[in-house]
Amino acid sequence: MFSHSASQAQHTSMVIEVEGIQVAQGYVIIALFDDESNFLVKERRSAKIEAQVGKSTYVFDNLAPGDYAVCVIHDMDKNGTLNKNKLG
């Protein structure tokens, strides 16, 4: 479920913690969505950080209060796309 109110003047931050990266190779891409109709199509905000073994943290600042969905991709070959195989 998504909800978002642009009329609210107050802003907030969202802390994203990524765990389980086993190889410090490539980037971790984090995409933030605030509209169900745009999920995995057009992100509200995004970030690209260097992959690190263990836990990485990224903070999205200045967000309007609301519900958000997050998608995280480990882009090991730095090509900016989600590589797929026969299983998906």
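**Exercise 1. Describe the order of strands and helices along the chain.**

Start at the N terminus of this predicted model and walk along the sequence. The pattern that appears is β-β-β-β-β. Next, count each kind of element: there are five strands and zero helices. Three of the strands will come up again below: strand 1 covers 12–21, strand 2 covers 27–33, and strand 4 covers residues 54–63.

Now turn to the chain as a whole. Of its 88 residues, 25% count as buried. The accessible surface comes to about 6,200 Å², and carbon and sulfur atoms hold 48% of that. Finally, look at contacts between residues at least 6 apart in sequence: 72% of them join residues at least 24 apart.

**Exercise 2. Work out how the rings of Phe33 and Phe39 are arranged, and say whether each residue is buried or exposed to some degree.**

Begin with the idea that two numbers describe a pair of aromatic rings: the distance of the centres and the angle of the planes.

Step one is the distance. Phe33 and Phe39 are 5.1 Å apart, centre to centre, and the cut-off for a pair is within 6.5 Å.

Step two is the angle. The planes stand at 70 degrees, and because angles over 60 count as edge-to-face, this pair is edge-to-face.

Step three is accessibility. Phe33 has a relative accessible area of 3%, so it is buried. Phe39, at 35%, is partly exposed.

**Exercise 3. Repeat the reasoning for Tyr58 and Phe60.**

The centres of these two rings lie 5.0 Å apart. Their planes meet at 70 degrees, so Tyr58 and Phe60 are also an edge-to-face pair. For accessibility, Phe60 has a value of 1% and is therefore buried, whereas Tyr58, at 28%, is partly exposed. In total, the model has two aromatic pairs.

**Exercise 4. Which lysines lie over the ring of Tyr27, and at what distance from its centre?**

Take the ring centre of Tyr27 as your reference point. Lys48 lies over the face of this ring, 4.5 Å from the centre. Lys78 also has its charged end over the Tyr27 ring, at 4.9 Å from the centre.

**Exercise 5. Place Asp34 and Leu40 in the chain and compare their surroundings.**

First, find the loop between strand 2 (27–33) and strand 3 (45–50): Asp34 lies there. Leu40 is found in that loop between strand 2 and strand 3 as well.

Second, check accessibility. Asp34 is buried because its relative accessible area is 15%, under the 20% limit. Leu40 reaches 56%, so it counts as exposed.

Third, look at a detail of each. The side chain of Asp34 makes a polar contact of 3.4 Å with that of Arg44. Leu40 is not a glycine, yet its phi is positive, at about 65 degrees.

**Exercise 6. Find what His11 touches beyond its sequence neighbours.**

Locate His11 in the segment before strand 1. At 43% relative accessibility, this histidine is partly exposed. Setting aside neighbours within four places in sequence, the contacts of His11 are Asn62, Leu63, Ala64 and Pro65. Take Ala64 from that list: 53 residues separate it from His11 in sequence, but the C-alpha to C-alpha distance is 4.7 Å.

Last, look at Asn62. This residue belongs to strand 4 and is exposed, at 55%. Its phi is near 60 degrees, a positive value in a residue other than glycine.

Key. Residues numbered from 1 in each chain as written. Predicted model: local features only at pLDDT ≥ 70, side-chain atom pairs only at ≥ 80, totals over all residues. Heavy atoms only, no water. Phe/Tyr/Trp six-rings, centres within 6.5 Å; stacked < 30°, edge-to-face > 60°. Buried < 20%, exposed > 50% of the residue type's maximum accessible area, 1.4 Å probe, protein only. Lys NZ or Arg CZ within 6 Å of the ring centre and 35° of its normal. Helix = DSSP H or I, 4+ residues; strand = E, 2+ residues; numbered from the N terminus. Contact = heavy atoms within 4.5 Å. Areas by Shrake-Rupley, 256 points an atom, 1.4 Å probe, with all protein chains shown as cover. Polar contact = N/O pair within 3.5 Å; in protein donor to acceptor, adjacent residues only side chain to side chain.
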